[in-house]
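Thank you all for making the time this morning. I would like to walk through one model with you, going from its interior to its sheet and then out to its surface.

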Amino acid sequence: MTRLHKITIGIFCGGILLSGIGAGVAFGEFSSLSYGGTEVVGKIDIVTRDISKEIDPEQGVWNIDGYWDTAPDVEADESIPENTVLFRITYNKDMVEPRIEENVQEDDYYDDAADTWRQTRNPALELRCYWQDTDESNFQNLMEAKDKVLVGLKRGELISVEGAPYIERVQIFYNPVNEKDLRL
């Protein structure tokens, strides 16, 4: 074995030894971290707004549909006027603007008994959220999240980061007389 082979083997063994030491130090540092909870990035200005819409039972059974992050709470309430549906929406006004839209949902289905295609038309009230024009960008949120993670690491904590909420809660109220006129 030449002197060059001995030097090369020595460098290789030294590299393995240093890699093992580095991995041990990294594992020790990682195992000393604790969980620091969840932090939210982005603007948060939570408000609650009531939007009421009238329905016409003559048009059929109304579907109540839409976009929400959580399942809506649905309640019959005698204080609500007949043929009215009240949406109480708790949302982040810096992110979205909720609106209730009326439309007609059309469904095609095959009727085996008649051997033909049929179509149903049901009126619907849909909760839609329109994005607000904000000064905030995804890049700003990314940088804020990075800063929060680094501050957590300096404290010896790993943290979770999530974006600001859009819709926190949706409550739907209707008069008990209209229960047969609504499909939720």
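Let me begin with a question: which residues have the most contacts inside the largest nonpolar core? Bearing in mind that this is a predicted model, the core in question has 19 residues, and those with the most contacts inside it are Ile64, Val85, Phe87, Ile89, Ile100, Leu125 and Leu182. Two or more residues are given to this core by each of the strands β3, β5 (84-92), β6, β7 (116-131) and β9 (167-174).

If we take isoleucine 100 as an example and leave aside residues up to four places away in sequence, it touches Phe87, Ile89 and Leu125, and also Ile51, Lys53, Glu126 and Leu127.

Turning to the sheet, four strands form an open arrangement in the order β6-β7-β3-β10, with mixed pairing. The edges are β6 (96-111) and β10 (182-183), each of which pairs on one side only. Strand β3, residues 62-66, runs parallel to β10 and is joined to it by two bridges, and here asparagine 63 stands opposite arginine 183 of β10.

Finally, on the surface, Phe30, Val149, Leu150, Leu153 and Leu158 make a nonpolar patch of about 410 Å², and its largest share, three residues, comes from helix α2, residues 138-154. Is leucine 150, which lies in that helix, buried or exposed? Neither word quite fits, because its relative accessible area is 42%, so leucine 150 counts as partly exposed, a class that lies between under 20% for buried and over 50% for exposed.

Key
Residues are numbered from 1 along each chain as its sequence is written. This is a predicted model: local features need pLDDT of at least 70, side-chain atom pairs count only at pLDDT 80 or more; totals for chains, interfaces and linings use all residues. Side-chain values use heavy atoms; hydrogens and water are left out. Two strands pair if DSSP finds at least two bridges between them. A nonpolar core is a set of buried Ala, Val, Leu, Ile, Met, Phe, Trp, Tyr and Cys residues joined through side-chain atoms within 4.5 Å. Buried means under 20% relative accessible area, exposed over 50%, partly exposed in between (1.4 Å probe, protein chains only). Contact means heavy atoms within 4.5 Å. Patches are made of residues with over 30% relative accessible area and no salt bridge: like charges are joined within 9 Å, nonpolar side chains (Val, Leu, Ile, Met, Phe, Trp, Tyr) within 5 Å. Accessible areas come from the Shrake-Rupley method with a 1.4 Å probe; for residues, only the protein chains shown count as cover. A salt bridge is a side-chain nitrogen of Lys or Arg within 4 Å of a carboxyl oxygen of Asp or Glu.
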